[in-house]
Amino acid sequence: MKEQLIGLIDQALAALAERGELPEAHGSEIKIERTRDKRHGDLASNIALSLAKKAGKKPRELAQLICAALPESPLIQHIDVAGPGFINFFLSEDSSQAVVRDILEQAERFGRSNVGNGRKVQVEFVSANPTGPLHVGHGRGAALGDSLCRLLAATGWDVSSEFYYNDAGAQIDKLALSVQARCRGVAPGDSAWPEDGYQGDYIRDLSASYLRGDTVDAEDRHIVGSGNPDDLESIRAFAVAYLRREQDLDLKAFAVNFDVYFLESSLYEDGAVEQTVQRLQGNGHCYEKEAALWLRTTDFGDDKDRVMRKRDGGYTYFLPDVAYHLNKWQRGFERVINVQGADHHSTVTRVRAGLQALEKGIPAAWPDYVLHPMVTVIRDGKEVKLSKRAGSYVTLRDLIDEVGRDATRYFLVARALGSQLTFDINLALSQTNDNPVYYIQYAHARTCSVMRKLVQQGWDWQPERAVQHLSTLQGEEEKTLLRRLVRYPEVVANAAHHREPHSVANYLRELAGDFHAWYNADNMKILLEDQALRDARVALSQATGQVIASGLDLLGVSAPEEM
RNA sequence: GCGCCUGUAGCUCAGCUGGAUAGAGCAGUAGCCUUCUAAGCUAUUGGUCGGGGGUUCAAAUCCUCCCAGGCGCGCCA
């Protein structure tokens, strides 16, 4: 739609240039925008304002000239020059009514596009350590990452979702020691309790399970606890599997799936970590200092150099991170998006610097990061503290159990990325207008209810017949709803491009509002005796239901048929 | 101290990347169910867009300096 209008304006400008009314190479990009106010038409261009100076004419005068030079088009009903010199386009009714036909024909494909053109993109998210259950912060990452995957897939990308499983390193040692201590009856606070040990109740449950000799069936591993408190290796393997299984269950309850689980330990096993060190040293970006091996990341924009190999010979987390991202690059992902909590933002420059030092031709801004601040949870107006170590804790699963998956996902994804998110449990539980999840789902359920009632009354409805009567959709509320539906493909495309799922959530709330307003409008009834009117209104209702269902699916929220 | 993020109605937040009179929901006020789901609708009150300066036809949006809050600045991840 926009492209077609831009084409028309381009033709007009060329015609004016030919007549000498405009300089030949105006060099201004033609922009078309959705108007905010209905009185300004459907679309508007500021081209006359931005060209006025170069043309040596007053903006309104220039706008008039452009309008006069615009070719005729069936899309356009009429054109206005308004305000300081905007050109407002009022689209013909046919063009907005036609969206109903498009939606009914394309069904769930409506709104999808192919800008990605089958290119590969990887989205890494959650990537929680197997040292405890997932908390609400992970939930935000999961909701964002999964929605982002769906948006990218809807715009033609070949998406692979990945969970980086941090099953090696010091945190895991700490976990194993904490479990061992519990096995031996040592409790947090005792003198024998390991420093910085994990204190949560789940550690106690875990050790009891280990001592019983339980079998753990996780996604990728099956382990039997030996029950021997002295066997730290056995404890470690059991604990990792046990917590892995817990996280699998959390993610399943959240309806989040990953295509690939990548184990950090595999980077050690196949020598990738060692090769990465050698490559970095070979490239001359390393030096030894105080018995540690450093990478000169300051050569690549970092504010200080980083240790790769510690004095004790172990690697810092940073090095496997670089090896991991090299692996992603070698797998052919030209585009990688890492979704992380903002508390990890210092890794961004570090990982990129490490990749640059490899001298593999990786772009300096690769990979992309989506960083989200952490989540605070409030209940009854009071904050619920999150602390894994201390064990007072709102897990993701607690939240799903209490408020449901749909509400949890919606609230975690509906806020702008950069904002600190306050999850209000009471709000998520409320079943009124305050709660946008129910508001949107209710609109969808109503469209389904209309269809059920239609069948009950013995009428039939066929999309092919119905679309012939779309011109009867003349009410103000109907026009508003149509205008909203027309926008859906742009909303999806923009949300994917800017990596902002929340704009889909906002759009759906507005769409649901337009639908409810129409449904409740004076003298408005969908299921009328008059077949032409009934056909058209059912078509509009069905189209709205389809777009709501598609949009909710992008957020991972269900669209119930009745409530 | 340095870096990143945030500041918009009493509250929770949008604001389509520079456009026209800054918008929703909640809360407040006044109305709407013998009619397709009232988990809904209609009307209405409410603003120095944190503050100052700058850029231009045009700034909540871009630049700059302050103020306030969050996060980070480990041989932790």
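## Close-up views of the model

**View 1. Val186 touches Ala181, Ala192 and Trp193, leaving out residues up to four places away in sequence.** Touching, or being in contact, means having heavy atoms within 4.5 Å. Val186 sits in the loop between helix H6 (170-183) and H7. Helices (DSSP runs of H or I, at least four residues) and strands (runs of E, at least two) are numbered from the N terminus. Is Val186 buried or exposed? With a relative accessible area of 16%, it counts as buried; the label means under 20%, while exposed means over 50% and partly exposed is in between (1.4 Å probe, protein chains only). Now look for Glu529: its C-alpha atom is 77 Å from that of Val186, and the two residues are 343 apart along the chain.

A quick note on what you're looking at: this is a predicted model, where local features need pLDDT of at least 70, side-chain atom pairs count only at pLDDT 80 or more, and totals for chains, interfaces and linings use all residues. Residues are numbered from 1 along each chain as its sequence is written, chains are lettered from A and ligands numbered from 1 in the order written, and side-chain values use heavy atoms, with hydrogens and water left out.

**View 2. Ser207 is tucked into helix H7 (residues 201-212).** Ser207 is buried, because its relative accessibility is 3%. A polar atom of its side chain lies 2.9 Å from the backbone oxygen of Arg204. That is a polar contact: N or O atoms within 3.5 Å, where within protein one must be able to donate a hydrogen and the other to accept it, and residues adjacent in sequence count only if both atoms are side-chain atoms. Ignoring neighbours within four places in sequence, Ser207 is in contact with Val179, Arg182 and Cys183. Cys183 is buried as well, at 12%.

**View 3. Val126 and Phe423 touch the most other members of the largest nonpolar core, which has 92 residues.** A nonpolar core is a set of buried Ala, Val, Leu, Ile, Met, Phe, Trp, Tyr and Cys residues joined through side-chain atoms within 4.5 Å. Helix H20 (residues 531-555) gives the most to this core, with 10 residues. A second, separate core has 28 residues, including Val277 and Leu319. Back at Val126, the residues it touches beyond four places away in sequence include Leu134, Phe163 and Val339. In soluble globular proteins, nonpolar side chains tend to be buried together.

**View 4. RNA strand B has 61 residues around it.** Being near the strand means having a heavy atom within 4 Å of it. Which residues come nearest? They are Asn166, Tyr317, Tyr442, Arg446 and Ser449. H16 gives the most to this surface, with seven residues. Of the RNA atoms within 4 Å of the protein, 60% belong to sugar or phosphate, and the rest to bases.

**View 5. Glu33, Glu290 and Tyr519 each bring a polar atom up to RNA strand B.** For Glu33, a polar side-chain atom is 3.4 Å from a phosphate oxygen of the strand. Glu290 uses a polar backbone atom, 3.3 Å from a base nitrogen. Tyr519 has a backbone N or O atom 3.2 Å from a base nitrogen.
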